[in-house]
Amino acid sequence: MAESKTKFAEAREWIIEHKLRTVGCLWLSGISGSIAYNWSKPGMKTSVRIIHARLHAQALTLAALAGAAAVEYYDHKTGATDRVPKFLKPENLNKD
């Protein structure tokens, strides 16, 4: 019988496969949430609100990139994943 994966394992596999897309979505949600939070504070200029939102999103993105690097390092050390991306495998290179 085939082993059924848990939702966590499926999510982890998707995140590993789409690292940059995950970081981009995290950045977008971070800047959106920060803008929403800063807009609730009265007495701030719009330019200051946007700058604060950008800084918060940038910090969140750096943390996400560090996390992705840690996962990549862990997978490399344990040999958990194949090191060649699917689109670079030899059987996909010679297709016409």
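Here are a few worked exercises on the predicted model shown above.

**Exercise 1. Find out how far the model can be trusted, and where confidence is lowest and highest.**

Step 1: start with the whole chain. The average pLDDT is 80, and 79% of the residues score at least 70.

Step 2: go helix by helix. Helix H4, residues 90-93, has the lowest confidence, with a mean of 62. Helix H2, residues 19-39, has the highest, at 87.

**Exercise 2. Write down the fold pattern of the chain and say what share of its residues is buried.**

Step 1: count the elements. You should get four helices and zero strands.

Step 2: read along the sequence, and the pattern comes out as α-α-α-α.

Step 3: check burial. Of the 96 residues in the chain, 14% are buried.

**Exercise 3. Test whether the length of H2 agrees with what its residue count predicts, then work out how its buried residues are arranged.**

Step 1: work out the expected span. The recipe is 1.5 Å times one less than the number of residues. For the 21 residues of H2 that gives 30 Å.

Step 2: compare with the model. The end C-alpha atoms of H2 are 30 Å apart, so the two agree.

Step 3: list the buried residues of H2. They are Val 23, Gly 30, Ile 31, Ser 34 and Asn 38.

Step 4: look around the axis. These residues cover an arc of only 95°, so they sit on the same side of H2.

Step 5: flip to the other side of H2, where Arg 21 and Ala 36 are exposed.

**Exercise 4. Pick out residues of H2 that are partly exposed, and give a C-alpha distance from each to a residue elsewhere in the sequence.**

Step 1: take Trp 27, which is in helix H2. Its relative accessibility is 38%, so Trp 27 counts as partly exposed.

Step 2: pair Trp 27 with Leu 60. They are 33 residues apart along the chain, yet their C-alpha atoms are separated by 6.8 Å.

Step 3: do it again with Gly 33, also a residue of helix H2. At 40% relative accessibility, Gly 33 is partly exposed too.

Step 4: pair Gly 33 with Ala 57. The separation is 24 residues in sequence and 8.9 Å from C-alpha to C-alpha.

**Exercise 5. Identify the residues behind the nonpolar surface patch of about 330 Å², and place Leu 20 and Leu 65 in their helices.**

Step 1: name the members. The patch is made by Leu 20, Leu 62 and Leu 65.

Step 2: place Leu 20 in helix H2. With 70% relative accessibility, Leu 20 is exposed, because the cut-off for that label is over 50%.

Step 3: place Leu 65 in helix H3, which covers residues 46-78. Leu 65 has a relative accessibility of 39%, so the label here is partly exposed.

Step 4: connect the two. Leu 65 and Leu 20 are 45 residues apart along the chain, with 8.6 Å between their C-alpha atoms.

**Exercise 6. Track down the salt bridge and say whether its partners are buried, partly exposed or exposed.**

Step 1: recall the principle. Side chains of opposite charge can pair when their charged atoms come close.

Step 2: search the structure, which holds one salt bridge. It joins the side chains of Glu 13 and Lys 5, with 2.3 Å from N to O.

Step 3: classify the partners. Glu 13 is at 39% relative accessibility, so Glu 13 counts as partly exposed. Lys 5, at 49%, counts as partly exposed as well.

How values were computed:
Residues are numbered from 1 along each chain as its sequence is written. Side-chain values use heavy atoms; hydrogens and water are left out. pLDDT is the predictor's confidence in each residue, from 0 to 100. Helices (H or I, at least four residues) and strands (E, at least two) are DSSP runs, numbered from the N terminus. Patches are made of residues with over 30% relative accessible area and no salt bridge: like charges are joined within 9 Å, nonpolar side chains (Val, Leu, Ile, Met, Phe, Trp, Tyr) within 5 Å. Accessible areas come from the Shrake-Rupley method with a 1.4 Å probe; for residues, only the protein chains shown count as cover. A salt bridge is a side-chain nitrogen of Lys or Arg within 4 Å of a carboxyl oxygen of Asp or Glu. Buried means under 20% relative accessible area, exposed over 50%, partly exposed in between (1.4 Å probe, protein chains only). The arc is that of the directions from the helix axis to the C-beta atoms.
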